[in-house]
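Here is an informal walk through a two-chain model. Have the viewer open while you read.

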Amino acid sequence: MPLIKNNEFVDNAFRHIADEEALPDGAIVVSLKRWHAERDALMARNAPIALRLSSDQSPEAIGADVHHFAMIELEFPKFKDGRGYSWARLLRQRLNFKGEIRASGDVLRDQWLFMSRCGIDAFEVDPGTRIEDFRTALTEQTVFYQPASDRVATVLELRHKTHSSSQRASVAAE
Amino acid sequence: MYRYDEFDQKIVDERVEQFRGQVARRLTGELNEDQFKPLRLMNGLYLQLHAYMLRVAIPYGTLSSRQLRMLAHIARKYDKDYAHFTTRQNLQYNWPKLADIPDILADLATVEMHAIQTSGNCIRNVTSDHFAGASADEVDDPRVWSEIIRQWSTFHPEFSFLPRKFKIAVTAAPKDRAAIKVHDIGIVIRRDASGTLAFDVYVGGGQGRTPFVAHLIGEGIQAGDLLAYLEATMRVYNQYGRRDNLYKARIKILVHQIGPEEMRKQVAAEFVEVKAQGALALPQAEIDRIQAYFAAPAFETLRDDALLAQQKAQNKAFAAWHDINVSPHKMPGYAIVTISLKPIGGVPGDASADQMDLVADLAETLSFDEIRVSHEQNLVLAHVKQSDLLVLWQKLDAAGLATANYGLITDIIACPGLDYCDLANARSINVAQAVSKRFADLDRQRNIGELKLKISGCINACGHHHVGHIGVLGVDKKGVEFYQITLGGSGDETASIGDIIGPAFAENEVADAVESLVDLYLNLRQPGERFLDTYRRTGIQPFREKLYAAH
């Protein structure tokens, strides 16, 4: 699947590893089950490791381990399954995760902005997706009521001039 | 009432353009109906039996005259000269064309209105007490808090794909006119011993297939923490609400399955975390800003009107309307007027474009430019001088809007049913019309007294039948419409879910059955008892025996 990050198509550095598959060299993505089962072996590897969470797996269960991951992939099995939005916010705001959060699965164009606001900064997209459409979707709405993971100044802060910076902090730049 | 600032306006304007693009993609075929569906359902656009239906949000049921005129204009220009007010204090157009929807939304945006989140699995239009700001029993104007919640919930990035739709209602009076205990979240605003506002948060109420009365989950939440508490509740629901079964996905099922005590614990733990982040704390400056919009209008210092008694003595029809549709106002010399949208034999909640224009004019000249939509599908002029009541009544009467039946048996709530809705199993309007005609005699209605009759055309319960003193539910039996009757439901502060009385009735038997129940009540009642009181005293047995005796 094509991958978008920082408003551009980028190469996917991580290889998906099934639970039974032997560990190759290089950057890999493993499931939470495999992480729990082989944590020490995985940490001993000298290559970036990423974690894949299904939509019913809360990142809170990982706790401080979260900082071992270069990337966390949130799976969206159906576009209606919105748990990943909460997982992304927990990762960014509670667990203070600074790495890449990637959305994969059934994601609609009109969900990218919501995801971005929740802290997701990389998007697996359908083949044929145009980068202009992605950029447009992320700028169709520019004013927001809620504080979220993107730290954009909220309407409340703009009204009462309490936000330190009114510039949009780019999540993708993190 | 609230007015948009530049930020509110920009959010709505950007949404109009975004949706215009989505509709364009659908019309060119870039999106097929399956792909377009989730997009239109984020914006109140349904595909019904015969046409698209557009549901317009009326936040907490408050409209200005200008807004109501725009709703009338849209009905004329894009629809069939009428529209339907719903139990969610919204308005529905039944016949718009897809290609016109972006223009309709653009028209709405010019009067600070929209269709955002009137459908979809998100936080829907916040509803409230239709007597807000006018009733003596409230401790604060609940619309201030409804507006704060409206803003927080609009395009919430985390909670736009919940397990299921989510409805929040707010009241600030001990008498619950907003049915808060049958909402996903119901908020009761009260003052604590020191006079400070405190928010009791009820969670897990709802009607539909599995009706529940909400549990008190958050008690005495402070004003500045309200949004943090709501965010915590939503996050618990978004994480743990069921997604495997459409019919078990509402928060009421989660609360029922884990129990209110566990729900309290989980929300409390999340609340601590959200509060620690701090970003959702409500600054006093913002509370003050919104409160200023809801400051009381410039009431004159009046006494209760001396002429009224004389006017009533001279005009029996006016007197009846006054006794039934006019409620006491907190200010001497003023009154709250309910404009019934339930003419005898009519379609509950429908209003023509001309009627909407008239009500807008009357509100502008006689009620501080403000109209309310009630969840009981009526309109309310909340601040009318008593000395203006006679002329107001005359103008309403000339337009067919002076039906005297507020709270009586013909003030029926009914969903659109199978005449419009593709979810319905049976028609609702026909049953409402039959019962309405049967009880048309006003003296008889007044003798019966308060009786809330509510009709739904399917188990989704948009017609609130579960909380009707008498509820009627349309069901489909092998392709034939049948109607199941429930008794003893109530949506007020003593909320209860109605009991099913027995086997369903054919369409042409419903009015007879209702009449039979009402006659028994009249025989059984003790002085001062409403239908609901008698039912609660006697239980279902005598009603069941009476109803099925002949069978």
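## A sheet, a helix and two contacts

Let's start with chain B, where the strands E1-E2-E5-E4-E13, in that order, make up an open sheet of 5 strands with antiparallel pairing. Keep in mind that this is a predicted model. Strand E1 (45-47) and strand E13 (350-352) of chain B sit at the edges; each has a single partner strand, so one side of each has no neighbour in the sheet. From one strand to the next, the twist averages 30 degrees.

E4(B) has two pairings worth a look, listed here with some of the residues involved.

| Pairing | Sense | Bridges | Residues facing each other |
|---|---|---|---|
| E4 (82-85) with E13, chain B | antiparallel | 3 bridges | His84(B) and Asp350(B); Ala83(B) and Ala351(B) |
| E4 with E5 (91-93), chain B | antiparallel | 2 bridges | Phe85(B) and Leu91(B) |

E4(B) and E5(B) also form a hairpin, with 5 residues between them. In that turn, Gln89(B) has a positive phi of about 60 degrees. Helix H12(B) packs on the sheet, where it touches E4 and E13 of chain B, and its direction makes about 80 degrees with that of E13(B).

H12(B) turns up again around another helix. Which residues of helix H13 (residues 389-398) of chain B are buried? They are Leu389(B), Leu392(B), Trp393(B) and Leu396(B). These residues lie on the same side of H13(B), because they cover an arc of only 100 degrees around the axis. As a reminder, an α-helix has 3.6 residues a turn, so residues three or four places apart point the same way. On the other side of H13(B), the exposed residues are Val391(B), Gln394(B) and Ala398(B). The cover over the buried residues of H13(B) includes helices H10 (307-314), H11 (316-325) and H12 (353-366), together with strands E11 (326-328), E12 (334-339) and E15 (379-385), of chain B. Just after H13(B), Gly400(B) takes a positive phi of about 75 degrees.

Zooming out, the domain assignment splits chain B into domain 1 (6-110), domain 2 (134-293), domain 3 (307-398) and domain 4 (413-548). The centres of domain 3 and domain 4 of chain B, taken over C-alpha atoms, are 26 Å apart. Their contact involves 7 residues from domain 3 of chain B and 9 residues from domain 4 of chain B. The domain 3 side of that contact in chain B has 4 nonpolar, 2 polar and 1 charged residues.

Now for the contact between the chains: 29 residues of chain A meet 30 residues of chain B. On the chain A side, helix H2 (83-94), helix H3 (112-118) and helix H5 (155-160) each supply at least two residues. H2(A) gives the most, with 6 residues. By class, the side of chain A that touches chain B has 12 nonpolar, 8 polar and 9 charged residues.

One last stop in chain A is Val66(A), in the loop between strand E5 (49-53) and strand E6 (71-76) of chain A. Is Val66(A) buried or exposed? Val66(A) is buried, because 20 other C-beta atoms lie within 10 Å, and a residue counts as buried at 20 or more. Leaving out residues up to four places away in sequence, Val66(A) touches Pro59(A), Leu91(A), Leu95(A) and Phe97(A). Leu91(A) is 25 residues away along the chain, and its C-alpha atom is 8.3 Å from that of Val66(A).

Methods:
Residues numbered from 1 in each chain as written. Chains lettered and ligands numbered in written order. Predicted model: local features only at pLDDT ≥ 70, side-chain atom pairs only at ≥ 80, totals over all residues. Domains from an automatic or database assignment. Contact = placed C-beta atoms within 7 Å. Nonpolar A, V, L, I, M, F, W, Y, C, P; charged D, E, K, R; others polar. Buried ≥ 20, exposed ≤ 12 C-beta atoms within 10 Å, placed from the backbone. Helix = DSSP H or I, 4+ residues; strand = E, 2+ residues; numbered from the N terminus. Arc of directions from axis to C-beta. Pairing = 2+ DSSP bridges. Axes fitted to C-alpha atoms, helices over the stretch in contact; angles between N-to-C directions.
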